[in-house]
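Below are some notes on the model you sent, set out as numbered points. Please read them alongside the coordinates.

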Amino acid sequence: MKLENKNKTKKFNSPIRDVEGAIPWEFDPNATYSETTLNDNWLKLKPDEYHQYRKDWTEIPKNFTPINFPLHLDIETTTYCNLKCPMCPRTQLVEQGKFNENGFITRDQYMKIIDEGTEYNLRSIKLNYLGEPLMHKDIAWQIEYAKKKGVIDVIMNSNGAALNEKNSEALLRAGIDGLFISFDAVNPKDYETQRVGATLGRTIDNLYKFVKLRNEIRPSCQVRVSMVMYDDPKWMEQYKALQVMWKGVVDAVGYSWYTERDEEISGEYDYVSGFHCAQPFHRMFLKNNGNVTICCVDDKDEVIVGNWKEQKLYDIWNGEKYIDIRAKHSSGEYNKIDMCRKCYLPVSIKQPGIKQEKAAE
Ligand code: SF4
């Protein structure tokens, strides 16, 4: 059965910069994500090196500071997923027959990545791209290996449907530093049409158990829930309800705007003077198929800068293709890169006052 995202609308449905009164571009390394903090105890427990890394995360791309290895790697440890969420690029690629659904990174491949990365002071990794990281039987081992090698921040996104007490404890004892759960609504109907294959009550139960164990085993691990936002007041109401629902449990609630990836209806956007993207300057994405790409948007492998199965990561990061991409972004010519010209990021703006605002009472 073809899954249809009934919420999708034409183009990028967040506020855009070419409307009257739009604010000019201001550099922000997390420009499309907004968050409400509910609790920051976890942050107080982070070591100084974590705070320095987060400072570098903003300052390096902001100032175009050259670095010889990315601060962060996104590693697609598996392409398998237990859900079929209609807004997810993975679901859409699977339906078009353009996706290998069952890729799993091997231990040797993973060790090769982490060993080279930590040689160059790799600070952070995220263990997913298009796929559910809990589906990999090695997930706790992957976390533990990276932590033992000195990676400061080992994090992952998950839909939370497969979390249980056993794997929660294993993740925490392995040293996970952040768990970000995709969770879209407070009522079963809306939640289950967005997270197809999951049930609301089960995911809530899973997350409560994880947080209870987090508080006992690894209180420095950040836990947040985030949703996909649409241009419909109903979803902003859900966001406010999520803040109430999760207050006293998780550390933050956030959202990212839904973006249309279907080129037939998304098209291109106006050029935004002063824009440059952070991602080519501080992080790199390793797909399960070996392709290395420059950003989270490239689910169709449009800008491939190398192959991590065949090349050194150092050589890819310092290769001609990457250098050219960074030069275009630092000289205001991001629009000469096809994928960036079609990207929603330059035209997106945050809802004023949402980021880091106080939680709803
Ligand atoms: S497509 Fe270009 S502008 Fe958009 S997120 Fe990727 S690198 Fe940044």
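1. The shell around the ligand consists of 10 nonpolar residues, one polar residue and no charged ones. This is a predicted model. The nonpolar members include Cys277, Pro280, Ile294, Cys295 and Val297, and Gln279 is also part of the shell. Further along the chain, the ligand is surrounded by Tyr334, Met339, Cys340, Cys343 and Leu345.

2. Two helices contribute to this shell: α11 (279-282) and α14 (338-341) each provide at least two of its residues.

3. Elsewhere, strand β6 (residues 222-229) has seven of its eight residues buried, and is thus described as mostly covered. Strand β5 (residues 178-182) runs parallel to β6 and is joined to it by five bridges. Strand β7 (residues 252-257) also runs parallel to β6, with six bridges between them.

4. Val225 in β6 can be used to follow the pairing across these strands. Ile181 stands opposite Val225, and in β7 the bridge partner of Val225 is Val253.

5. Which hand does the unit made by β6, helix α9 (residues 233-246) and β7 have? The β-α-β unit is right-handed.

6. Tyr258 is found in the loop between β7 and α10 (263-266). Is Tyr258 buried or exposed? Tyr258 counts as buried because it has 21 C-beta neighbours inside 10 Å, and the cut-off for buried is 20 or more. Tyr258 and Met227 are separated by 31 residues in sequence, and their C-alpha atoms are 9.4 Å apart in space.

How values were computed. Residues are numbered from 1 along each chain as its sequence is written. This is a predicted model: local features need pLDDT of at least 70, side-chain atom pairs count only at pLDDT 80 or more; totals for chains, interfaces and linings use all residues. A residue is buried if 20 or more other C-beta atoms lie within 10 Å of its own, exposed if 12 or fewer, and partly exposed in between; C-beta atoms are placed from the backbone. Helices (H or I, at least four residues) and strands (E, at least two) are DSSP runs, numbered from the N terminus. Two strands pair if DSSP finds at least two bridges between them. A crossover is right-handed if, with the strands pointing away from the viewer, the path from the first strand over the helix to the second runs clockwise. A residue is near a molecule or strand if its C-beta atom, placed from the backbone, lies within 6 Å of it.
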